[in-house]
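Welcome to a short set of exercises on reading a protein model. Take each task in turn, try it with the structure open, and then compare your steps with the solution.

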Amino acid sequence: MASVEDAKRAAGKTAVANHYPKDAKYVGIGSGSTIAYVVEAIRDSGIDTSATKYIPTGFQSKQLIVQAGLTVIDFDTLPEGTVLDVAFDGADEVDDQLNLIKGGGACLFQEKIVALQAKQFICVADYRKLVSRLLTAWKYIPIEVAPIAANRVLTKLKELGSINPVIRSNATAKEGPLKSDQDFYIIDAPFKPLLTKEDIAAGKDGSGKDGIWEVEALSRQIKQLAGVLEVGIFSGATGPEAQALGGIGGQKPIAAYFGMEDGSVSVRKVAA
């Protein structure tokens with residue numbers, strides 16, 4: 001049996017081998033423990049990276065890029081109109097339709113804007129993150145909110161059916177609420193397991209009745225609350241789907257790579 005770290009390394013290596021463009025100019029690098037192995041795989045690939053710039057989603061990923069001897073550039077310094085060739089990122093949970101929950105590391109806003117600026121988004125994780133429905137094992141949705149609006153958003157989340165949402169604290173209580181890179185708070189909002197579009201097509205009600213929501217419906221409801229910067233649900237269009245509609249990128253990955261317990265790598269792709 002492979003260790004969890006071996007599983008992550010296998011997933012990262014396979015994802016890079018299958019999706020890293022040989023002539024990449026801009027590459028998004030996400031957050032989380034699995035991304036360390038994506039950066040490792042890029043560094044060890046033998047590909048000439050001297051002309052490539054890497055865009056991090058937070059402090060951790062920036063350090064990984066620098067330590068690997070790669071060139072880092074912050075998102076807000078990208079030349080206007082720049083499109084990333086690919087973005088790699090992890091996830092806290094992935095469902096059957098490749099909807100994601102992200103934000104356990106408090107970088108969800110940066111993660112989403114990087115994904116939305118990339119031609120294709122690739123998710124890399126281990127077998128523990130693979131579920132049929134979101135909020136099966138991972139129990140809450142991270143939400144980035146303005147501090148002034150946090151209490152109001154907590155109230156509104158309860159009205160939507162969240163079960164005891166809380167403002168995430170720092171490691172020690174005396175430091176108060178944890179703050180994101182935007183100096184926003186993170187609210188962790190538990191909900192009942194989320195339905196997929198397939199569930200809705202089969203006749204299930206995902207409109208919020210009894211606190212039961214379909215993935216995208218809940219994401220939209222939360223995002224429109226005053227004070228919410230971003231929601232840790234990644235759903236909707238993939239990059240190619242967004243481009244077909246005249247956009248740039250999508251928040252749903254085109255593929256997700258999972259390092260498995262037996263050492264193999266399982267790949268899930270969005271159905272055509």
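Before starting, note how helices and strands are named: helices (H or I, at least four residues) and strands (E, at least two) are DSSP runs, numbered from the N terminus. This is a predicted model, so local features need pLDDT of at least 70 and side-chain atom pairs count only at pLDDT 80 or more, while totals for chains, interfaces and linings use all residues. Residues are numbered from 1 along each chain as its sequence is written, and side-chain values use heavy atoms, with hydrogens and water left out.

**Exercise 1. Describe the largest pocket and its lining.**

Step 1: Fix the term. On a 1 Å grid over the protein atoms alone, a pocket is an open set of points with protein on both sides within 12 Å along at least five of seven lines, whereas a cavity is a set where a 1.4 Å probe fits but cannot get out; lining residues have an atom within 4 Å of a point. Grid points are joined across faces, edges and corners, and a volume is the space filled by probe spheres set on the points.

Step 2: Find the volume, which is about 340 Å³ for the largest pocket.

Step 3: Look at the centre. Of the 25 lining residues, S31, G32, G105, C107 and E111 are the closest to it.

Step 4: Ask which element gives the largest share of this lining. Helix α3 (residues 59-67) does, with three residues.

Step 5: Sort by class. Ala, Val, Leu, Ile, Met, Phe, Trp, Tyr, Cys and Pro count as nonpolar, Asp, Glu, Lys and Arg as charged, and the others, Gly among them, as polar. The lining of the largest pocket then has six nonpolar, twelve polar and seven charged residues.

**Exercise 2. Describe how domain 1 and domain 2 meet.**

Step 1: Locate the parts. The chain is divided into domain 1 (4-131 + 234-269) and domain 2 (140-233), with bounds that come from an automatic or database domain assignment.

Step 2: Count the contact (heavy atoms within 4.5 Å). It takes 20 residues from domain 1 and 21 residues from domain 2.

Step 3: Give the area. Buried area is the accessible area (1.4 Å probe) that two parts lose on being put together, summed over both. Between these domains it is about 1,500 Å², with 56% from carbon and sulfur atoms. On the domain 1 side, Q97, L108 and F109 supply 35% of the area buried against domain 2, more than any other three residues.

Step 4: Link back to the pocket. The lining of the largest pocket draws at least three residues from each of the two domains.

**Exercise 3. Decide whether D44, Q110 and H19 are buried or exposed.**

Step 1: Set the limits. Buried means under 20% relative accessible area, exposed over 50%, and partly exposed in between (1.4 Å probe, protein chains only).

Step 2: Take D44, in the loop between α2 and β2. D44 is exposed because its relative accessible area is 52%.

Step 3: Take Q110, in helix α4. Its relative accessible area is 10%, so Q110 is buried. Leaving out residues up to four places away in sequence, Q110 touches T57, G58, D181 and Q182.

Step 4: Take H19, in helix α1. H19 counts as buried because its relative accessibility is 11%. With the sequence limit of up to four places applied, the residues that H19 touches include V86, F88 and Y257.
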